Structure formats: structure tokens, C-alpha cells
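Student: I'm new to this one. Could you show me the structure and walk me through how its parts get their labels?

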Amino acid sequence: MPEKPAVRLSPERISELEAKVAKSKEIFGQAYDRFPVGDLRMIWSGGKDSTLALWICRAFCRERKLSMPTSFTIDEGDCFEEIDRLLRDYAREWGLQLDWGRNDDVLRAAGHTLMADVEVSSLSERNQAEIRRIGMGDLTRFPFEAESYIGNHLMKTVVFNAYVEEKGVRAVFQGLRWDEQAARTDDEYFDDVPAGELTPAHTRIRPILHFSERDVWDATLHFGIPFCPLYAQGYRSLGAKTTSGRLSDVPAWEQNLAATPERAGRRQDKEATMERLRKLGYM
Amino acid sequence: MCPARLAPMNASQNVILLTIDTLRADVLGCCGGHLGLSPFIDSLAASGMRYSRAQAAGPYTQASFPGILTSSYYLDHQDHGKGRTLSRERVVISEPLRKAGVATAAFHSNPYLSAFFGWNRGWDVFYDSMQDQVSDEVPFIQAPAINARVDRWLGAHAAAGRKPFFLWTHYMDMHEPYVPEQKHVDAVDPGLRLSSQEMLGLFKNTLLPRDVSDPGKVETLRKLYLANLRKIDDCVKEFFDILERHGALEDSTIIVTSDHGDEFGEHGGLSHDGCMRSELLHVPLLVLNAPGSPKGVCDRLAGGADIPPTILELFGLPAESRFQGRSLLSPDDEAARGVFSEAMGKRGRQKDTDRPVYCYREEDLRVSYLAEEDRWELFDLAADPAEKRNLMDCSPRAGEMKAGLAPRIDRKRT
């Protein structure tokens, strides 16, 4: 953790943030009413959004004397050491149960080496079925990357689905935001995902939906919530290590958040868009 | 002439823009087609204003949408290359609307209009579907799923206290690869039976290489495209049912249009490339349920770039100086000037060596300049709707039309 940066907020702004935190606690309350804690998981990537969600969840559980849900993080094989350290340090400090998900089969086939060729035929039947499912059945080998179209699917989506299925998870908390979103109904916070071919049915709960990027930073700094030091070096959004970039050396919270896109440095949006264009015949 | 004048709305009213990708005007009954595949869209046209001479700002999505959503032209800025983000010089219609307190929401599934390319500016809610799973057969989220999101958003918006909104919905379902369900194929040709693999085969082996050598295959592609029209007409009906259920129909002016058409060998091409012909540029444009319920067919020229200024004026908001189109609410005589379209003259996939194509229309004359061949073309769309006779060397208006387009060619871009 870098030294705590100074933040000066007006009393109005502080009560605004407190109201947003209260709204999130309300969503946690509804989630605990709907699901036993053993069926819930907190998706915690170590990024600023899911760490804020986790911090609010912890405050909520302490107030209500409830136990925390198990946290779940996915190691996609290309993780920042700084993120890894934050996850381990705070899991210990806050006494959290933290489960790690990995696609060991793909990591083994790649020899734990980025950009190494992975032979599709050397993968498990499940991974091969997943490759066919996303329309890449013609492929015989691919380079191992965490955020290519195929890498993102195998290293995150498949790992997530397998975990949900194996552990009988019924609902997960996600740190997703709808930036600068106007008031919404509570329905928007709960998204029931129906069962698909290889996707188990579950509910996605988004307790910090109403936080903007600015809100996240103001709350993080004001409430002293831990954050990965990479944000202080200018990263706005943290994905896989080799594909996350920064556009500035200025700490994320001091950048002009409105004028530049948060995910500009991220590869996975590009991959998703390029994949669609390829399927439409444009690439 | 126009049968009625559009007027601004009262406060608290909404604007809804429904755009249908790849929908050419002439297949619709309301635009003179005789296929009977679009009964609902035709009934909409009969209930409001239809602009019979609407021209897309470009013949494919990247060239056309700068007009529809930013009232600017594709070649104004150098943001049209591979992976470039929408220029900040362009004003997305959502931006001034949101600043004025209008709720803005977008639901679509066209990758060229995704957040990655910068189209998410100014929206309270922007759904581009890029994180969702799609299949190879239909590589985009389809209209029924888009409608479900609209339905949910309208419910949430109503519950949140109903400030005026601008809703943009876009359907991809007419777009290749054409893999319609058999029931929709039956509406076009009950004798046509193809598996989805055979349809994808036509996409990969005939449409993608732009191979028009076999007229039978081109005709089959056209039928599959028309089958998608039968489907999309039902989806538009479902969309209007959703609006009605949320009470949004009576309080909203609804604009229905398309970004471009599709070609089936009329001028030697397939799909939609940089070809300035009516099969790609002539789009439907309907304005429904405007204040005073004006009805009829308006033959003033309208371009995609006219849509954003129209939306601002409907909301009673001041004009945006960077918008290049003219509001459809403006008097007819102001529309006497022509409309422009432009693009890169690609064939199939875009290449770095592609050169621009420009065109300018006045009344029924359309002049084009193809930089690649340094060639001018002039067609009289009324006398020669198939655009077969180039009048550049014989029309008395050739010089005047050329002069109308010249300022746009090789202008400085930022």
C-alpha cells in the first residue's frame, strides 16, 4: 500500500458517498435474505471495484454480525504480482476464506508460459468442448494468452462456470458498475442467469452498480479502503499483466476521469469487438 | 413537398430512434416493394411521415453512423481506420441531450458501434453486447434479446420517476451471414430448403469473396436476406408492443431508419461496400407520432446527418454548431440544397490502399466521384432508377452537380 493520499471532500460529498454505501448494504441485505451465506460467493479480482464491494460487504457483515461469504478469485495465468500480494495480504488481515480458480489443464498444456503454443488435442474433453462452443472448433493450436478471445473464455469463463457448478454456488457478488447511471430499480442489481449448455444457473448480484469511477476513488480514499499500488502509478483498470496499459503516470484518482475512457488500456474489450467483426466477415 | 410540418414536442416527451442495420428501402411495401414481407413496418409508415428520398450518409455502418448519431461525415476526421476511436471532434447526439437533463439509453449489438470504438459517449445506459456470447451462425445478439433489454430499461426508467428520455435501439438481424429460420424462409419461397451449414457455406464461399458469377446463388442470398426482413418486421412489432405496454408510445416521437442497404449483384457486388448506388444508399426514414400526428409522404431530401439536429429540435433544445445536417423541422426550402454521402471505396475487407468515394444528390440527380479511378458518375434516379446511364458527359447540369460535390473532395481532415 502506498502512503494514504490526502483527499478533501465537502460534507455534502461525504454524505453522498455514505448514501451510496448504504444503498450497497441494502443490496447485501436483500442478498442475504434470499440466499444462505454458504451459497454466496464474492468475486474478488483485487481491482478497485471488487475491493470496494468486498469492503462494504465486510462492514455490512460486522454491523449485522453475519459471516462473510467465501471470496473467489481467478488466476488467469498472467497476474500482476501487486494484485496477488493485495489479495493474499488482505485475505489474511481480514480473515477471509479465499478460493483460487485456475484452468490447470490449459496452464499445463502451455507449460505455464505466455505465448507458448497450446495443442487443442492435448486439452481435456471439457476444454475442447468449450473451444467448439465458442466457434473455434477449426483450431488445432493457439498461443496461450489470458485475454485473447479463446484465452479469456478458457481462463475465466470456464473456470468460473466450473467453480459455480462444483461448489453449488447459487449467487455471486460482482463489482460491476453502471457509470453515472440514473436511479434504477432494485431489479437491476440482481441478474438471474439461466442455465445454458455449459453454464450453470446462478444469480449475479451487483451491489456497487450505482458507483461511478469517481465515486469509487472518492470512497476508497475517504474510507481508507486498500487498493493496488499500480493505480498510484497511473493504471486506471487492471486486467491481465501483459495486456493492461496505462495512459498516464498520474495516479488514477487524479486523472481527468470524465475525459478519458477507464478501460482504454484494456485488451479484452478490443478482443471481444474484433472477434465479432471477424465472425461477420470483416476481418 | 411535404404534407405537414413537424413541430417541437412538449416538455416531458421522448424521442426514440430505431435503426435497422442493412435494411434497403425498396424491399418494404411502404417504399414501393411488392413482397408483402413487412406488414407491420408498412402500417407504421401509413400512420406517420415517410421521407421518400432519404439517403444514408454512407453505404456501410462505419460510414453511415457518423451521420445518424453525430451529424458529421465519415471522412471529416481520421478516426475511421482500423481500431481508431471516434474522434472527440464529433458530438454524439447523446452528449448534448444528457447535458440538458434527458435520460439517454442505447441498446445495440453492432461491433463497429461499440464502446471499444468510442460510441459510448453521453449515454446513461450503453449496451453494445460485446461481452455476451454469440454463435458462428448468428454472430450478434438478436433483436428479441435487444427488445428484452429495452423492456427492462423502460420499466426501470418509469419506476425511477420518468424524466424525458432518448432511446436508441439498433437491430442487426438483417445483416449477413443470412441464416434465417425455415418459417421465415417459407414466407419468401416455401420451396427453398437449406440447412444452416449450407447458408453459412453461401456466406463464406459466395458472399465474402463477392462472387456474383452464379446468378442462382445470388438469388438464393437475396431470398435469405428477405427472410430476415420477415423476421425483423415481427421484431419491430414486438418493440412497439413494449413501448405501448410501458405507456411510452403516446409520449414519444419515433424515428425509424436504416444505416444502409444491401447489394445483390445490381452493380456487380454483394453485401455493402463502398458503392454509391441506391441499393446501398436509399434507406427508409419514418417519423411517427410527432406532435400533431403529421401523416403522409414527404419528398424533401433527407440525409442521415439530418437526424441529430431533428432530435435536438424535437426536444426544443438549441442547435449544435458542429452538426452538419439540417433539422427535418426546418422549412422545405432550406432542404432544397442537396445531401452528401461518402466512404472509403472498399470491396470486401478494408485495405490501407482504399481510396475515398463521394456523392452528392440534388432532387433526383446524384453525382459521384471515385478517387481510385479518378472517375465521375451522374445518374438521374427518377428516369434511370437502375443507375445504368452515366450522364456526366451529356447532362446540362453535370457541371453544376460537380461543383456541388467538389468542396468535399480532398478537404482537410483533422
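Tutor: Sure, here are a few questions and answers about chain B, and keep in mind that this is a predicted model.

Student: What makes the packing of helix H1 and helix H7 of chain B oblique?

Tutor: H1(B) covers residues 39–47 and H7(B) covers residues 215–245, and their axes meet at an angle of about 55°. Roughly parallel needs an angle under 35 degrees, and roughly perpendicular runs from 65 to 115. The angle of about 55° fits neither, so H1(B) is oblique to H7(B). The two axes are 7 Å apart.

Student: Which residues make that contact?

Tutor: On H1(B), B:Pro39, B:Phe40 and B:Ile41. On H7(B), B:Asp233, B:Val236 and B:Lys237. By class, that contact has four nonpolar, no polar and two charged residues.

Student: How do you know that the span of H7(B) is close to the expected one?

Tutor: H7(B) has 31 residues, and the expected span is 1.5 Å times one less than that number. That gives 45 Å, and H7(B) reaches 45 Å from its first C-alpha to its last. After H7(B) comes B:Gly247, with a positive phi near 65°.

Student: How is chain B divided into domains?

Tutor: Domain 1 of chain B is 14–330 and domain 2 is 355–414. Their centres, taken over C-alpha atoms, are 26 Å apart.

Student: How many residues of each domain are in contact with the other?

Tutor: 11 residues of domain 1 of chain B touch 10 residues of domain 2 of chain B. The domain 1 side has three nonpolar, five polar and three charged residues.

How values were computed
Residues numbered from 1 in each chain as written. Chains lettered and ligands numbered in written order. Predicted model: local features only at pLDDT ≥ 70, side-chain atom pairs only at ≥ 80, totals over all residues. Domains from an automatic or database assignment. Contact = placed C-beta atoms within 7 Å. Nonpolar A, V, L, I, M, F, W, Y, C, P; charged D, E, K, R; others polar. Axes fitted to C-alpha atoms, helices over the stretch in contact; angles between N-to-C directions. Helix = DSSP H or I, 4+ residues; strand = E, 2+ residues; numbered from the N terminus. Parallel < 35°, antiparallel > 145°, perpendicular 65-115°, else oblique.
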